[in-house]
Amino acid sequence: MPSLTDVMTADADLAKAAGIRTMAAKGAAPEDAFVDWLCRMGDNCLVLGHRVSEWCGHSPVLEEDIALANTALDLIGQTQLWLGLAGEVEGKGRTADNLAYLRDAAQFRNVLLAERPNGDFGQTLMRQFLFDAWHMEMLRALQSSSDKRVAEIAAKAAKEVAYHLERSADLVIRLGDGTEESRARMQKALNVLWPYTGELFLGDAVDQGMTEAGIAPAPESLKAAWDRTVAEVMVEATLDLPQGTFQHKGGKQGRHTEALGFILADMQFLQRAYPGGTW
Amino acid sequence: MSSAVLPDIQMVRHWLSQVPDPEIPVISLTDLGIIRDVEWQGDTLVVTVTPTYSGCPATTVINLDIETALRAKGIEKLRLERQLSPPWTTDWITAEGREKLRAYGIAPPVDGTAADGRLAGRVARLAGTSNLVIACPRCGSTKTEKVSQFGSTPCKASYRCTDCLEPFDYFKCI
């Protein structure tokens, strides 16, 4: 395997050649693509965690309210690990908090699926399931990462995500194979969210660099297992997989929908209004 | 503090065994199995702690409680380190800790270990109904049902006993 430095340099060049606005393309430091990739992992958890936390106090029943809050809590905890490592690798003294609260939308690297509005309870659960099924496969693969710190975070997070996946799959099945009303809502949720799933498996120069360095799997390599999980659950849920092939993309490179701006306006308000404020 | 009077490690562990978990105060930090190491590095005491869940809000409080308890015992130079790997598992909850949980009304983890493949099995099973038998911590009946996979804290699930009708928390395996 080539040394990390060589690979990262090559990756930065690739990113430039592809005209992709990544941190790697802007800076000369070889770690930049790695930082970018770590932000993708962290931002997925942060943005989805924030979205899920919006349900706190609003869920249909108390148990679901608690379950969603706990899921959000796990995701925010994982955010601290990923963004904490991103700050450490970057080496400019930025903490996980700095990265979460002081970057603007164009610097966020989450997939578009994570920032989709909650919709109704069914749509929130469908988004969670589609993400969890990917997250589980990703974390499984990352446990054999060539970077020990990445492998350790993945091993920790995988245990939590196993519970997320079990729960979201269970509820997608119960609501899909439920009443006429609940089935219609779940089918609609699946149709609406489907065009946002393709980005999870779309690799770019940053991913290629990570794969070559043995840090992370190629995004495309996770698709077969994800397809299998999703197909199995949808059969049980009596839902039809959408046939459309159009897929949105861009979140991983910082091109977001307007939804992210609203999330950040809410999430970052305090640090923007009162810089450095603490409890 | 001169090296001649540094308390020995067993004594420090004993002190830590008296620090309660902030959210489930009936068990101690050592019962919970989150104290991974205690050692003297020169005249500095280094306590290595592993988090339970990544987002557990008790983590900060736990660190503060450790520091407060050890300072009260006269430890001046103290450093807390976080260790992620190997990740915490409920297997590390001591037998004594499990009994304390049960007596407190929380069913202790029973479905084996995260390492024995049960976790992977759960994922593969996806929505299959749980085959775990969780005994009611109050009446001992095994006729119980899961209400929700998440309970009052991330580490617990909500159950209900269909015999004595009590709702209770189950400390789920991770």
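Why is strand S6 (residues 156-161) of chain B largely enclosed by the rest of the structure? In this predicted model, five of the six residues of S6(B) are buried, so the strand is largely enclosed by the rest of the structure. The pairing of S6(B) with its neighbours can be followed on both sides. S5(B) and S6(B) pair in the antiparallel sense over four bridges, and in this pairing B:Thr144 has B:Cys161 of S6(B) as its bridge partner. S6(B) also pairs in the antiparallel sense with strand S7 (residues 167-171) of chain B, here over five bridges, with B:Phe168 in S7(B) as the bridge partner of B:Tyr159. S6(B) and S7(B) form a hairpin with five residues between them, and B:Leu165, which lies in the turn, has a positive phi of about 70 degrees.

Chain B is divided into domain 1 (3-82) and domain 2 (103-171). The contact between these domains involves seven residues of domain 1 of chain B and five residues of domain 2 of chain B; on the side of domain 1 that touches domain 2, the residues divide into four nonpolar, two polar and one charged.

A further sheet of chain B is open and consists of three strands in the order S1-S2-S3, with mixed pairing. Its edge strands are strand S1 (35-41) and strand S3 (78-82) of chain B, each of which pairs on one side only, and the twist from one strand to the next averages 20 degrees. Within this sheet, S1(B) and strand S2 (residues 44-49) of chain B are joined in the antiparallel sense over six bridges, and B:Ile35 has B:Val49 in S2(B) as its bridge partner. Two helices of chain B pack on the sheet. Helix H1 (residues 9-16) of chain B touches S1 and S2 of chain B, and its direction makes about 140 degrees with that of S1(B). Helix H3 (residues 58-72) of chain B, in turn, touches S2 and S3 of chain B, with a direction that makes about 155 degrees with that of S3(B).

Chain A presents another pattern of secondary structure, with 13 helices and zero strands. Of the 279 residues in chain A, buried residues make up 51%. When the contacts in chain A between residues at least 6 apart in sequence are considered, 72% of them join residues at least 24 apart. The average pLDDT of chain A is 90, and 89% of the residues score at least 70. Over residues 1-29 of chain A, however, the pLDDT is below 50, although this stretch has 55 contacts in the model beyond near neighbours in sequence. Where pLDDT is low, the predicted coordinates should not be read in detail.

The surroundings of a single residue of chain A may be described through A:Leu125, which lies in helix H7 (residues 121-142) of chain A. A:Leu125 has 26 other C-beta atoms within 10 Å and is therefore buried, the criterion being 20 or more such atoms. Leaving aside its neighbours within four places in sequence, A:Leu125 is in contact with A:Ser168, A:Leu171, A:Val172 and A:Leu175. The C-alpha atoms of A:Leu125 and A:Glu160, which are 35 residues apart along the chain, are separated by 17 Å.

The contact between the two chains takes 29 residues from chain A and 21 residues from chain B. On the side of chain B that touches chain A, helix H5 (118-125) and strand S5 (144-148) of chain B each supply at least two residues, and the largest share, three residues, comes from H5(B). The residues of this side of chain B divide into 13 nonpolar, seven polar and one charged.

Contacts with both chains are found for B:Leu84, a residue in the loop between S3 and helix H4 (95-104) of chain B. Not counting residues up to four places away in sequence, B:Leu84 touches A:Glu152, A:Ile153 and A:Lys156 as well as B:Thr50. B:Leu84 is partly exposed, because 17 other C-beta atoms lie within 10 Å, a count that falls between the bound for exposed residues, 12 or fewer, and that for buried residues, 20 or more. Within chain B, B:Leu84 and B:Thr52 are 32 residues apart in sequence and 9.4 Å apart in space, C-alpha to C-alpha.

Definitions and conventions:
Residues numbered from 1 in each chain as written. Chains lettered and ligands numbered in written order. Predicted model: local features only at pLDDT ≥ 70, side-chain atom pairs only at ≥ 80, totals over all residues. Nonpolar A, V, L, I, M, F, W, Y, C, P; charged D, E, K, R; others polar. Pairing = 2+ DSSP bridges. Axes fitted to C-alpha atoms, helices over the stretch in contact; angles between N-to-C directions. Domains from an automatic or database assignment. pLDDT = per-residue confidence, 0-100.
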